[in-house]
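Please look at the structure shown here before reading on, and keep it in view while the report goes through a sheet and a contact between chains.

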Amino acid sequence: MEPAILEADNVSLRFGGVKALTEVSFHVRRAEIFSIIGPNGAGKTSMVNCVSGRYRPTEGRVSFEGRDITRMGANRRAAVGIGRTFQNLALFGHMSVLQNIMVGRHHLMRAGFLRGMLHWGGARKEEIEHRRAVEEIIDFLEIQHVRHAPAGTLSYGLRKRVELARAVAVSPRLILLDEPMAGMNLEEKEDMARFIIDLNQEWGMTVLMIEHDMGVVMDISHRVMVLDFGRKLVEGTPAEVLAHPQVRRAYLGEDVGAEPVPA
Amino acid sequence: METGLLFQLVLNGLIVGALYGVVAMSFVLIYKASQVVNFAQGEFLLIGAWACWWLLTYWKLPFWIGFPVSLAFMTVFGMVLQVVVLRPLIGEPVISVIMATVGLSIFFQALMKWMFGVFAQPFPPIFPVDQVSIMGLQVQSVYLLSLALSLCIMLGFWWFFSFSRHGLAMRATAFDQQVAQSLGISVPQVFAMSWAISALVSSVAGVVVGVVSGVSSGLSFYGIKVFPAVILGGLDSVVGAMLGGIIVGVLENVAQYVDSQWLNWGNMTNIAPFYALIIILMIKPYGLFGTKNIERV
């Protein structure tokens, strides 16, 4: 069994009196697809935000590859190997697809301000390397045909793909996907599921994903965690999670009376 | 009608307007990156011009050394100003930040008067010839330099924001700070850089104006002049700021022409842009190129 790449240990998050997360512990193993599910307001995005550094947990700790990152700034987490997409599309609308993806390379480029400006030293060579990496990502996500289009003009499904491309450009070892398939039609969902599997298997990225589509989640996830009211309900393989009575009740609409809920 | 005079004034307007545009761009740069309305923009011109003047007259440095040195100084100055004064104010109400920049403006004006006196000081002669004649129109040599510098700065901005990683990072930060951070961009660094570039670019304009009409606290009036330019262009558009600046420059000079020929009201140069500002705000509240917030229901 692969070791854990990400560990959350008793993470609690409070906003004033509102408890978004209460003592949530879980770990994600290297090279797995790990999904977080749960009803709206269950704290899924809050949990991902604690990992990406947008929020600092009120209590508990988060570690990545054995290193405590609980207090690390959000921008430094890109450098240690964590990338993410957002629930609401967050593309830079006026920039071209290519420029959006190039921003993802930002932290990997070493050439400083002056060197880059004057194109001296390794700056040119470095840029060519990054261009190559970006081309590879564009090919992979099949967005060659829109590379120069302003991101804001693309269709919804394509924008989701470009956003994924930008997160991949960060070259993360752990990628956080917040509802990658929300609002997509069946065909777009199938494409996205294929991209996520390829990212995991061919690019070797560990995936932590929030998704509402149970069919997709159960199909592609290695393990699933269910959150409810900010607490962890259950964690395990898709089959184990589906067997949990409360999950069956919430997601499969089973009659509550048929199986008594354990206290 | 004196057509010759009109042409001369329009040409002057274009040249001065390009300078306004440069200052307006650097104003917009700060606003876009860090959402700060910088009322101390004019002081960047003032301090830059005094710094250059001091290097040239006190240290007797040649212009081609003194000018770059003062620009380097202003770059550091802008960065330090952001880190020391503006950074602690991140997250405070907009009005507090604006008041801080107003305070900075007054402070630096007073400081410059205290250090260099209240009288306008001329630059030592820099060009062998004061004026050159282009197709019968008299143009000051320094204005030619100014035009060239303005064009370079515009091209530089365009390159910077389309291709360089720092420029893209700045646009990303202007769009959404959270997203920018998730891509590994350090927002405080972007803020500091935007102030540094803004101070650098503004001080180029400061030195040029200083060479033409002497260095005095009047330079900080340019910080107010940028308002019609940026409102005209739209507060968040760099290209718009440039065009706004040129339009204001031409407008000033044409207004002066109209005034001198027919109206004889006096002082139209300074007032006309602000009339234009009011009219534009009435017709196009977001400026010619500004972002219109469209609400979809």
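Two strands are said to pair if DSSP finds at least two bridges between them. In this predicted model, A:V226 stands opposite A:V234 in β10(A). These residues belong to strands that pair in the antiparallel sense over five bridges, namely β9 (residues 223–228) and β10 (residues 231–236) of chain A. The two strands, β9(A) and β10(A), form a hairpin with two residues between them, and in the turn A:F229 has a positive phi of about 50°.

The hairpin strands are also part of an open sheet of six strands in chain A, which follow the order β6-β7-β8-β3-β9-β10 with mixed pairing. At the edges lie β6 (82–84) and β10 of chain A, each of which pairs on one side only, and from one strand to the next the twist averages 15°.

Two of the pairings in chain A can be set side by side.

| Strands | Sense | Bridges | Facing residues |
|---|---|---|---|
| β9(A) and β10(A) | antiparallel | five | A:V226 and A:V234 |
| β7(A) and β8(A) | parallel | five | A:L176 and A:L208 |

Helix α7 (residues 186–201) of chain A packs on this sheet, where it touches β3 (33–37), β7 and β8 of chain A, and its direction makes about 150° with that of β8(A).

How many residues of chain A are in contact with chain B? There are 23 residues of chain A in contact with 17 residues of chain B. On the chain A side, the elements that give two or more residues are α2 (74–80), α3 (97–105) and α4 (113–118) of chain A, and by class this side has 13 nonpolar, seven polar and three charged residues.

Definitions and conventions:
Residues are numbered from 1 along each chain as its sequence is written. Chains are lettered from A and ligands numbered from 1 in the order in which they are written. This is a predicted model: local features need pLDDT of at least 70, side-chain atom pairs count only at pLDDT 80 or more; totals for chains, interfaces and linings use all residues. Two residues are in contact if their C-beta atoms, placed from the backbone, lie within 7 Å. Helices (H or I, at least four residues) and strands (E, at least two) are DSSP runs, numbered from the N terminus. Ala, Val, Leu, Ile, Met, Phe, Trp, Tyr, Cys and Pro count as nonpolar, Asp, Glu, Lys and Arg as charged, and the others, Gly among them, as polar. Axes are lines fitted to C-alpha atoms, for helices over the stretch in contact, and angles run from 0 to 180 degrees between N-to-C directions.
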